[in-house]
Amino acid sequence: MIGEEAVVTTTIDRGIALVSLRGEIDEDHAPTLARAFTQTAASGLALTVVDLSRMRFADSSVLHALFDAQRAHRAAGVALVLAGPLQAAVRRLFEVTGAAPAFRMADSLETAMTS
C-alpha cells in the first residue's frame, strides 16, 4: 500500500522472538533494528524469526543490521531465520549483493516458525 508507514515490531509468539518489518525500511530505522535484534539475541529464546514479507523496500543499512544480528544471535546461541516471501525490491537487494546464502531463509512465516 502506498504511503504505508514503516514499522518495526518485536513480539513473542509461541516461544519465538518475532521481529516484523513493514513498509520502506532504511537507515533512519537502523537504531530501531539494532535495539530489536539486541533484545532478541539476549532474550534467552532459542529462535528469532525476522518477517520480511511486508517490507516493500530495504537499503544497505537493513542488510548491515541483519548481518550484525546474525553475529549477535550466533554468539548468543540463538537461531536467526529470515521469513518471506520477499517483495521484488527486497529480493533484488539480496540478489544484487549476493547476501541470501549467508542467511537461513524460509519461504513463509509459518515455515520459519516451525524450523
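In this predicted model, ring pairs join Phe67, Phe94 and Phe103 into a cluster. A search of the whole structure returns two aromatic pairs. In one of them, the ring centres of Phe67 and Phe103 are 4.8 Å apart and the planes meet at 40°, so this pair is tilted; planes under 30 degrees apart would count as stacked and planes over 60 as edge-to-face. Phe67 belongs to helix H2 (residues 60–76), while Phe103 sits in the loop between helix H3 (88–97) and strand S5 (104–106), so the pair ties together parts of the chain that are 36 residues apart in sequence. The two partners can also be described by their accessibility. Phe67 has a relative accessibility of 27% and therefore counts as partly exposed, whereas Phe103, with a relative accessible area of 8%, is buried. The other pair brings in Phe94: the rings of Phe94 and Phe103 are edge-to-face, at 6.1 Å centre to centre and with 85° between the planes. Here both partners, Phe94 and Phe103, are buried. Phe103 thus takes part in the tilted pair with Phe67 and in the edge-to-face pair with Phe94.

The loop that carries Phe103 is also home to Ala100, which is found between H3 and S5. Ala100 is partly exposed, its relative accessible area being 27%. Once neighbours within four places in sequence are set aside, Ala100 is in contact with Phe94 and Met105, and Phe94 is itself a member of the aromatic cluster. A further reference point for this loop is Leu82: the C-alpha atoms of Ala100 and Leu82 are separated by 9.7 Å, with their positions 18 residues apart along the chain.

It helps to place these features within the fold. The chain contains four helices and five strands, and from one end of the sequence to the other these elements follow the pattern β-β-α-β-α-β-α-β-α. For 115 residues, a compact globule would be expected to have a radius of gyration near 13 Å, and the value of 13 Å found for the chain agrees with that. Along the principal axes, the C-alpha atoms fill a box of roughly 35 × 25 × 25 Å. Of the 115 residues, 43% are buried. Contacts across the sequence are well represented: among those between residues at least 6 apart, 71% join residues at least 24 apart. The chain exposes about 6100 Å², and carbon and sulfur atoms supply 54% of that area. As for charge, there are 10 positive and 13 negative side chains, and the centres of the two sets lie 5 Å apart.

Helix H2 offers several further residues for a closer look, beginning with Ser61. Ser61 has a relative accessibility of 16% and so counts as buried. Apart from neighbours within four places in sequence, Ser61 is in contact with Asp26 and Glu27. The C-alpha atom of Ser61 is separated by 18 Å from that of Ala88, a residue 27 places away along the chain. His64 is also found in helix H2, but is partly exposed, with a relative accessible area of 49%. Between the C-alpha atoms of His64 and Gln87, which are 23 residues apart along the chain, the separation is 19 Å. Arg71 is another residue of H2 and is likewise partly exposed, at a relative accessible area of 48%. The C-alpha atoms of Arg71 and Ala41 are 9.5 Å apart, and the two residues are separated by 30 positions in sequence.

Two backbone features in loops round off the description. Most residues other than glycine have a negative phi, and most peptide bonds are trans. Against that background, Arg14 has a positive phi of about 55° although it is not a glycine. Arg14 is placed in the loop between strand S1 (7–13) and strand S2 (16–25), and its relative accessible area of 55% makes this residue exposed. The peptide bond from Gly84 to Pro85, in turn, is cis, with omega near 5°. Pro85 lies in the loop between strand S4 (79–83) and H3.

How values were computed. Residues are numbered from 1 along each chain as its sequence is written. This is a predicted model: local features need pLDDT of at least 70, side-chain atom pairs count only at pLDDT 80 or more; totals for chains, interfaces and linings use all residues. Side-chain values use heavy atoms; hydrogens and water are left out. The radius of gyration is taken over C-alpha atoms; the globule rule is 2.2 Å times the number of residues to the power 0.38. Buried means under 20% relative accessible area, exposed over 50%, partly exposed in between (1.4 Å probe, protein chains only). Contact means heavy atoms within 4.5 Å. Accessible areas come from the Shrake-Rupley method with a 1.4 Å probe; for residues, only the protein chains shown count as cover. Lys and Arg count as positive and Asp and Glu as negative; His and the chain ends are not counted. The place of a charge is taken as NZ of Lys, CZ of Arg, CG of Asp or CD of Glu. Rings of Phe, Tyr and Trp (its six-membered ring) pair if their centres lie within 6.5 Å; planes under 30 degrees apart count as stacked, over 60 as edge-to-face and the rest as tilted.
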